[in-house]
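Me: I've got a new model to go through. Let me pull it up first.

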Amino acid sequence: MSFFPLKDSFGTVQLTVIHSDHSSLLPPLSDVPVESTVLIEGTVQLRPPEARRPGPTGEIDVQVDNFTVLNPASTSLPFVPSNLHNLANEDLRAKYRYLDLRRTALSNNIKKRSDVAHIVRNILHEQGFIEVETPVLLRSSPEGAREFLVPTRCSSNIETKGAESSHDPLFYALQQSPQQPKQLLVCSGAVDRYYQIAKCFRDEDGRKDRQPEFTQIDMEMAFVSWGDHHIPVTAGPDVWRIGGQEVRDVVETLIRSIWQKVEGVELPKPFRVMTYYEAMTRFGSDKPDTRFGLEIINLHDLLPGTDPDSKDIVECILVRKSEDAKFIKTSRSCEDIPGAEHVSLNDSNRHSWLLNSKLTVSVLQELSVDDQSTINEALRVRSGDDVWISTRSRSPQGGSTTLGRTRIRLFDLARAQGAFQVTDENHFLWITEFPLFTRADEDKDFLSKGRWSSSHHPFTAPMWEDIEAMYRGDVEKVRGQHYDLVLNGVEIGGGSVRVHDAAMQDYIFREVLQLNEQEKAPFTQLLHALQCGAPPHGGIALGFDRIMAIICNAQSIRDVIAFPKTSTGTDLLFRSPAAVGKDILSLYGIQPCS
């Protein structure tokens, strides 16, 4: 008797071949090349109880009576996807993605992605949302990210004004997101609740959780609130002070349904809420991973007599030998991190570690021995502890601080070394009250050119408490009604309450972002729609690829996309992007550089 595995899209079943006079008349099944397509005729047999395996085909064997080779595979395949013990490198597998997709792990991810998309459509349909397809070919606009431009042979420029000449080539821009179309839908009054599973495009550097084309679960709702005016400013943590509570409720219902139906996990309700300021000061990140400690401590405010309004502060991460034993060995062996100072405390330096710091001398210029003692007493430092020290501006800026990056570095190293086992619990967290405008986003510098840029996008509404500050010109003090959904340190969604007042939107364009008329032109239709009685509205986009990567426990979003790009944005399967001949370019009025 011989045994062979037979795999299809549903799983693998074991074939049994009993050698007899009759079967000897057939060519041997062992002569069929691996990965060939075959038609098997035989008898399904129940396996003995002790030999049964989990899965749809684990309880049966098929005893082969006859077989037909429908299409033999080449004997010189670039790699054998069924050989998991000798897996080809990522680039080779990307080049032959149609072979790589035969791996059970990838095919299961694709099926699970389809299941989740089905759940999303069902839940949103039940919630009264209407699925609407919006244009992919739009106009280039300064919304934030770099765009992909698409040349067209169309020669008539619909602009009656502007710098373009009729002989200049014209371009579409692939949508960064359906932002304007979905807002215009809601402004029209035809659709109160919109959604689509939308393809989006951004010309950004590739990362493990980002590629040039990606998919998002896109939503927009009319008549969302602008925040509860009765919540006091001094309200404690975990309070949703901004508008968009209706969006939050829909998203949490959707996420809980996905996790319950796909993972069998009941998520808590509601999800935690944290302000941007708290996230940056406690964790040094606007998408904090709250599955572990190592929280950041503000040393500046522990000292009596320091200026509470000082521009810069000193902060630290204290890795305690007694309480953080899983991280202490990692901390001691961690390489230097730019912008951070690392001190391993012992009896000789325990009373002078901050006094001797070269990094903090410019901020704590008159630090005394008594001040050092005050810090030691407040922190309860002991010999054997590790301290990471850094400075930053008192008002948090950007997406992470030096110690925020240090914290994640220690976490990643501890996991890699096997010193820390992360919890299986899902830590969902809303981050709210972001600065509405920023000068600390390097990705937007190419557009802002030293001006203020929108932290989210230029259509995000200010918090009602900060509207007067915006009109006064105190731009850096204005918080936005912007909310991000974070899971285990990964941003899986972001949205906002929109500006629905045309005058306010125009003020933001002209006075804050300082857009010129050419830069404002792509938004003309939105401004006019707001003047036509648009309702208050808001929405969100959930990163479908990132959500699936987390659910599938995949190392990269490329493992949950059927035909992904590489980390550099190239496609090894279709060999794109590729050069185009001069004769083709000339049709679009484009002259290549010599």
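**Walking through the model**

Me: What do the buried residues of α7 pack against?
Reply: They pack against β13 (312–319), β14 (341–344), β15 (386–393) and α9 (402–416). Contact here means heavy atoms within 4.5 Å, and buried means under 20% relative accessible area, with exposed over 50% and partly exposed in between (1.4 Å probe, protein chains only). The helices (H or I, at least four residues) and strands (E, at least two) are DSSP runs, numbered from the N terminus.

Me: Any ground rules before I go on?
Reply: It's a predicted model: local features need pLDDT of at least 70, side-chain atom pairs count only at pLDDT 80 or more, and totals for chains, interfaces and linings use all residues. Residues are numbered from 1 along each chain as its sequence is written, and side-chain values use heavy atoms, with hydrogens and water left out.

Me: Back to α7, then. Which residues are buried in helix α7?
Reply: In α7 (residues 325–333) they are Phe327, Ile328, Thr330 and Ser331.

Me: And at what angle do α7 and α9 pack?
Reply: About 105°, with the axes 9 Å apart. The axes are lines fitted to C-alpha atoms, for helices over the stretch in contact, and angles run from 0 to 180 degrees between N-to-C directions. α7 and α9 are therefore roughly perpendicular to each other; that label covers 65 to 115 degrees, while under 35 counts as roughly parallel, over 145 as roughly antiparallel and the rest as oblique.

Me: Which residues make that contact?
Reply: Lys326, Phe327, Thr330 and Ser331 come from α7, and Leu410, Phe411, Leu413 and Ala414 from α9. By class, there are five nonpolar, two polar and one charged residues. Nonpolar is Ala, Val, Leu, Ile, Met, Phe, Trp, Tyr, Cys and Pro, charged is Asp, Glu, Lys and Arg, and the others, Gly among them, are polar.

Me: New topic: cores. Which residues touch the most other members of the largest nonpolar core?
Reply: Met219, Ile255 and Leu542, in a core of 67 residues. Helix α5 (residues 245–263) gives the largest share of this core, seven residues. Apart from it lies another core of 18 residues, Leu294, Val319, Ile337 and Leu413 among them. A nonpolar core is a set of buried Ala, Val, Leu, Ile, Met, Phe, Trp, Tyr and Cys residues joined through side-chain atoms within 4.5 Å.

Me: What does Leu542 touch?
Reply: Leaving out residues up to four places away in sequence, its contacts include Met219, Val251, Leu254, Ile255, Leu485 and Ile492.

Me: Leu485 sits in a strand I was wondering about. Why is β19 largely enclosed by the rest of the structure?
Reply: Six of the six residues of β19 (residues 482–487) are buried, so it is largely enclosed. Both faces are covered: His482, Asp484 and Val486 lie on one side, and Tyr483, Leu485 and Leu487 on the other.

Me: How many bridges join β16 to β19?
Reply: Five, and β16 (residues 428–432) runs antiparallel to β19. Six bridges join β19 to β20 (residues 490–497), also antiparallel. Asp484 stands opposite Ile431 on the β16 side and opposite Gly494 in β20. Strands pair if DSSP finds at least two bridges between them.

Me: What's the strand order in the open sheet of four strands?
Reply: β1-β2-β4-β3, with mixed pairing. β1 (2–8) and β3 (37–46) stand at the edges with a single partner strand each, so one side of each has no neighbour in the sheet. Neighbouring strands are turned by 40° against each other on average, direction ignored.

Me: Last bit, backbone oddities. Where is the cis peptide bond with an omega of about -10°?
Reply: That one joins Lys269 and Pro270, and Pro270 is in the loop between α5 and β11 (272–275). Another cis bond joins Ser576 and Pro577, with omega about 0°.

Me: Is Glu433 buried or exposed?
Reply: Buried, at 7% relative accessibility. Glu433 isn't a glycine, yet has a positive phi of about 60°. Arg575 has a positive phi of about 55°, but Arg575 is exposed, with a relative accessible area of 65%.
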